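Dear colleague,

I am passing on the structure we talked about, so that you can look at it alongside the notes that follow. Please have the sequence and the coordinates open as you read.

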2 protein chains.
Amino acid sequence: MKIFTYWRSLATFRVRMALNLKNLKAEEIEVDLSAGHQMKPEFAAINPMKAIPVFIDDDGTTLHQSLPIMEYLDERYPDPALMPRDPAGRARVRALAQMTVADSHPLVVPRVRADLASRFGATPEQVTRWAQTWLIAGLDAYETTLKRDKETGDFCHGNAITIADICLVSHAAGTRFFEGTIDGHPTVKRIVERCLADERIARAHPLRQPGAPKSV
Amino acid sequence: MKIFTYWRSLATFRVRMALNLKNLKAEEIEVDLSAGHQMKPEFAAINPMKAIPVFIDDDGTTLHQSLPIMEYLDERYPDPALMPRDPAGRARVRALAQMTVADSHPLVVPRVRADLASRFGATPEQVTRWAQTWLIAGLDAYETTLKRDKETGDFCHGNAITIADICLVSHAAGTRFFEGTIDGHPTVKRIVERCLADERIARAHPLRQPGAPKSV
C-alpha cells in the first residue's frame, strides 16, 4: 500500500487516521503542496484533480478523494468498522462527513486561497478570515446537529469512531491552521478531544508528520 | 417521501434524478434559494447546514447532502442499482461524484457567490468567471479521467447509469448556468448527452421544474 501525502493536507490526515484505526501500514510518498508539486504533470497523470490523497492498494487499485478511499478501506478491511450498518445511520455519518469534505474544506484548499489573492488581491489576513468564515459555518452546523440528534453518543454517531469523527477531527485541525478555535463549540470539542485521546488518531495529526512545524 | 427542493439547485437535481431512476415519487416542498429562504430559522432547524436537498423518507428518516441521500436510496431501494458492487468500482464512482460534489459545486453555491460580492466587491461578471474557473477545472479532470480509464463505458463506469453520471449531468447543467459549455470536453459531452436522452434524467432537469425560466 502507498499513500501520496503531505503533512499539512487535511484530506490526507483523514486517510491516515482510517489506516491507523484499521492497523494498516502504507508507504508514504510526499507531495509538497506548499511548493505546488501537486500541479506537476507527472502527478496530474496520477490524479487529474491535482490533489492528495492518492491511495494505491497492494493490487495496484489507485484511488483518490479522502471519503471514497475511507469507504473503500472500510469495505475491503472491515474490522474495525468505520461505518454503521443501517442505511439511515450510514447516511447520517456520510452527511456529517460531507459537512467538512464538501461544504467546508474545498473552500480553504491551496488552489482557492491562491486564486483569491490573484483574482481579488486578497491579503493573507483576508484569506485567513475567508477560511475562518467557512470553517466556523461548518462548526456551527456540526454543533447544532450533534447537540440535537439522539444518535450522537461518545462520538458523532453512537459510541464508536466512524468516518464522521475522522472528518470532524480534520475540521478541527483546519480551524486551528487558520487561527480559529473549537472552544465555542462544546459538543464538537468534547468529541474531538475524545478522538485525539486515541493514539491511532493523535499520531496521524498533521503536526506529528515529517516536515511539520512544532505548532501553527 | 418528501424532498425540499428548488428548481435551480444542482444538488436537488441530483436527488431528483436518483428518485426518477428508481421510480420513487416524493412530494416536493419548495425552498426559494433566490430569496434566501434556506436561511430561515424554521428551515435551519431541519438542516443546520442551511442547504437543500433535504429528504424525508416515509418512516420519518430525515437526511441531507445529495450524495448520502443517493447512497441511502440505493441501499434502501436497490433496484436498479446506482453503484457498482466491487469496492474498487464503488470508490471510483464515489471519487468521480466528489469531483463535482466536493471539488467544484461548493465553490459556486449562492452563499459563496454572495460572499465574494460583499467581501471582495466582486462584480456579477467576476463571480461568473470565478464559477467558470472551478467548473471548468472539474470538467478538465473529468475528461482526463474518463478518457484514460478502462472502466469508462457508455457511461462514467461501465454501461449502466451510476451516481457518477448523475453528478456529471448536474455539473454540466451548472456549467451552463454560468455561461459555460461542455463542448470542449468530448467524453464528458458524450456521456451527458447519453444520460439526457433518458427521460427519467431529462425530466429532472432544473429547466423543467416549476418556477424555472425557459432557458439560462
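**Strands, symmetry and contact**

In this predicted model, strand β1 (residues 2–5) of chain A pairs with strand β3 (residues 54–56) of chain A in the antiparallel sense, over three bridges. Within that pairing, A:Phe4 has A:Val54 in β3(A) as its bridge partner.

The two strands belong to an open sheet of four strands in chain A, which run in the order β2-β1-β3-β4 with mixed pairing. At its edges lie β2 (27–30) and β4 of chain A, each of which pairs on one side only, and neighbouring strands of this sheet are turned against each other by 20 degrees on average, direction ignored.

Turning to the two chains, a turn of 180 degrees with a shift of 0.0 Å along the axis lays chain A on chain B with an RMSD of 0.0 Å, which is the relation of a two-fold axis. The C-alpha of chain A nearest the axis belongs to A:Ala102, at 2.0 Å from it.

As for the contact, 34 residues from chain A and 34 residues from chain B take part. On the side of chain A that touches chain B, β4 (62–64), α3 (66–76), α4 (87–101), α5 (110–120) and α6 (124–148) each supply at least two residues, and the largest share, nine residues, comes from α4(A). The residues of that side divide into 21 nonpolar, six polar and seven charged. Of the interface residues of chain A, 100% are also interface residues in chain B, so the copies meet through the same surface.

With best wishes

Technical notes: Residues numbered from 1 in each chain as written. Chains lettered and ligands numbered in written order. Predicted model: local features only at pLDDT ≥ 70, side-chain atom pairs only at ≥ 80, totals over all residues. Least-squares fit on C-alpha atoms with pLDDT ≥ 70 in both. Contact = placed C-beta atoms within 7 Å. Nonpolar A, V, L, I, M, F, W, Y, C, P; charged D, E, K, R; others polar. Pairing = 2+ DSSP bridges. Axes fitted to C-alpha atoms, helices over the stretch in contact; angles between N-to-C directions.
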